[in-house]
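Grab a viewer and a scratchpad: here are a few exercises to work through on the structure below. Try each task before you read its solution.

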There are 2 protein chains.
Amino acid sequence: MMFLKAQKNNVEFRPHFKTHQSLEIGKWYKELGVDKITVSSLEMAQYFSTEWKDITVAFPVNILEIETINQLSEKIMLNILVESIETARFLTQNAKNKIGIYLKIDVGYNRTGLSHTSTQQINEILNEISNCAALDFKGFLTHAGHTYKCRTKEEILSIHNTSRKILTDLKAKYIDRYPGLIISIGDTPSCSVVDDFSGIDEIRPGNFVFYDLTQHQIGSCSIDQIAVAMACPIVSIHADRNEIVIYGGGVHFSKERLETDNQGTIYGTVVEQLEQGWGEPVSGMYLKSLSQEHGIVSVPESLIRKYKIGDLLYILPVHSCMTANEMKSYYCNAEIITRL
Amino acid sequence: MMFLKAQKNNVEFRPHFKTHQSLEIGKWYKELGVDKITVSSLEMAQYFSTEWKDITVAFPVNILEIETINQLSEKIMLNILVESIETARFLTQNAKNKIGIYLKIDVGYNRTGLSHTSTQQINEILNEISNCAALDFKGFLTHAGHTYKCRTKEEILSIHNTSRKILTDLKAKYIDRYPGLIISIGDTPSCSVVDDFSGIDEIRPGNFVFYDLTQHQIGSCSIDQIAVAMACPIVSIHADRNEIVIYGGGVHFSKERLETDNQGTIYGTVVEQLEQGWGEPVSGMYLKSLSQEHGIVSVPESLIRKYKIGDLLYILPVHSCMTANEMKSYYCNAEIITRL
């Protein structure tokens, strides 16, 4: 779906692989013809470099890893993110092979990136980069992570339109000097709800491969689009307080939490187990707390007698990237899929 | 210190190794003469079984792992936790080798365990266990995890005294039938502040090996007793909003948070970097938010010009067990220590 949308809009599709971190899942994309990817660390870039030859590390360069950068850029087209003159200078002095450079632009998330109004800083960095033949300025990249605070499609669209305006204005300003420059956006909420990507050259969504409860709360996906669930064995049942204890804790789900209207803070939602896969959420059944290895599931009184020790509960995670990061493999149609 | 306290009190010291998960750190205990340990999963028990021959898995038995239980109990003295008649029955039918059984007792934490007042359930389980020669009832075990909500020594002592009363009453009730039975307590806050363990046979603290900001807030340790810090490279500096971006996010720290009076929700505290190790917390410098790989550090305006890209910030974690679980190794006196 996301691939088709990118194709229809004629934008480059460079999916973020930090969500699944798996060469095998990567193959699904390869079969579609995708040949460029995004990751969030050099370690992931190394892992994927056996199969992928054009990788963007969407994280501000950690200059202490220059050796890995030089090793990787010998083998693949490595693209990295710069947002300061200090980093640009360091790269000018230390880059050994051709590296693609994106300037990270802050469009209002206020986590990383240069302000689009910092023309002097942007020019200074571009001038520094142009001193070094190895550094190839590719364009402006952003991650509108503030869409994760949205709860309606309209809010997401409004952020997207602001981001697009900022980036297309920047592009217009620099296109004469850099005729090939592109603008790249990233967040899954925007990529999910926006239909018209005009003005954008590249999209880098990642989470959409699985989606999760957070994306559902934002409005990026429906519950039945969530494609990853944790199967957790029941180890104890406390009928007196309508609780089930599962083997599934912070080391499995991470401690990612979601604030909900009805259930307060939750760490996951239990779904019906079907013969193949899973179905709808079980009303009133959710992961209410996590320790290192334990999870406590709140269960309606009417259902608690249905379960017994050793049964598996299927649970949708709050944040699939974090949950997948904790686990070492996936089950898919009864096969085990490994990851980094 | 903890070892000496146990020795002085003449209680068995069975440290919990889930915090460090490292055979090499385990050796420090071996040198003291410790020969029994606690872990929180069968996977950890397998990892440590090469060096340790008496291991308690302090987690309610996951009956789906019976094969691993039978494999391990062939090689080592494996002790497991039972809190239901269903699990007891399953073990009676499936245990192949001698296994130590503890009944998990809930002393008010309300996470897992049998209520001490459920005499009928306790008797039923003990009778079931006695049907099987392989199952060796060892005693009553608890984890007073509600001490983690305490903020004064008095509160912790009050919980400890209640737990002790519950367990010693149980012991008195069953000692004639099981002359060797012991009572075992676990939480690091109690083990840290209690000086007199009379009535207790075994303690299983784990977190004290590193301690962390949570234990400091509880009152279990001083800041300078925290023995693990994360060294995180600075990747970006935003002087306009007094923030530093580090390479250190949820996949490194876990998303464990701490509510503080002065700084709101924090994910870590920055400490001074010394030539060897680290010193005091830097006033007003703390980890204010985490993404998957990014951490945002709040920095006082007066200090922000002191730092440059590529510098390392040393950060004390909120929960050392979770942070250590995310990382694959430690640095100790310039040596790398590996773990499971």
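## Exercise 1: The contact between the chains

Keep in mind that this is a predicted model.

**Task.** Work out how many residues each chain puts into the contact, and describe the side that belongs to chain A.

**Solution.** Start with the count: chain A supplies 38 residues to the contact, and chain B supplies 38 residues as well. Next, look at which elements on chain A's side give two or more residues: these are the strands β3 (54–60), β10 (230–238), β11 (243–247) and β16 (294–298), plus the helices α5 (85–94), α10 (250–253) and α11 (320–326) of chain A. Finally, sort the residues on that side by type, and you get 14 nonpolar, 15 polar and nine charged.

## Exercise 2: The symmetry

**Task.** Find what rotation and what shift along its axis superpose chain A on chain B, and say what symmetry follows.

**Solution.** Superpose the two chains first: a rotation of 180 degrees does the job, with 0.0 Å of shift along the axis and an RMSD of 0.0 Å. The two copies are therefore related as by a two-fold rotation axis. Now check the contact against that: 100% of the contact residues of chain A recur in chain B, so the same surface serves both copies. To place the axis, look for A:Lys255, whose C-alpha comes closest to it among the residues of chain A, at 2.7 Å.

## Exercise 3: The overall build of one chain

**Task.** Use the radius of gyration to judge how compact chain A is.

**Solution.** First take stock of the secondary structure: chain A has 11 helices and 19 strands. Then compare with the globule rule: it gives 20 Å for 340 residues, and the radius of gyration of chain A is 22 Å, which is close, so the chain is as compact as a globular protein of that length. For the extents, the C-alpha trace spans about 70 × 40 × 35 Å along its principal axes. Burial comes next: 49% of the 340 residues of chain A count as buried. Last, take contacts in chain A between residues at least 6 apart in sequence; 61% of these join residues at least 24 apart.

## Exercise 4: The barrel

**Task.** Trace the closed barrel in chain A and zoom in on how β10(A) pairs with β11(A).

**Solution.** Follow the strands in the order β10-β11-β16-β15-β14-β17 of chain A: these six form a closed barrel with antiparallel pairing. From one strand to the next, the twist averages 45 degrees. Now zoom in: β10(A) and β11(A) run antiparallel and are joined by four bridges. There, A:Ile237 stands opposite A:Ile244 in β11(A).

Key:
Residues numbered from 1 in each chain as written. Chains lettered and ligands numbered in written order. Predicted model: local features only at pLDDT ≥ 70, side-chain atom pairs only at ≥ 80, totals over all residues. Least-squares fit on C-alpha atoms with pLDDT ≥ 70 in both. Contact = placed C-beta atoms within 7 Å. Nonpolar A, V, L, I, M, F, W, Y, C, P; charged D, E, K, R; others polar. Rg over C-alpha atoms; globule rule 2.2 N^0.38 Å. Buried ≥ 20, exposed ≤ 12 C-beta atoms within 10 Å, placed from the backbone. Pairing = 2+ DSSP bridges. Axes fitted to C-alpha atoms, helices over the stretch in contact; angles between N-to-C directions.
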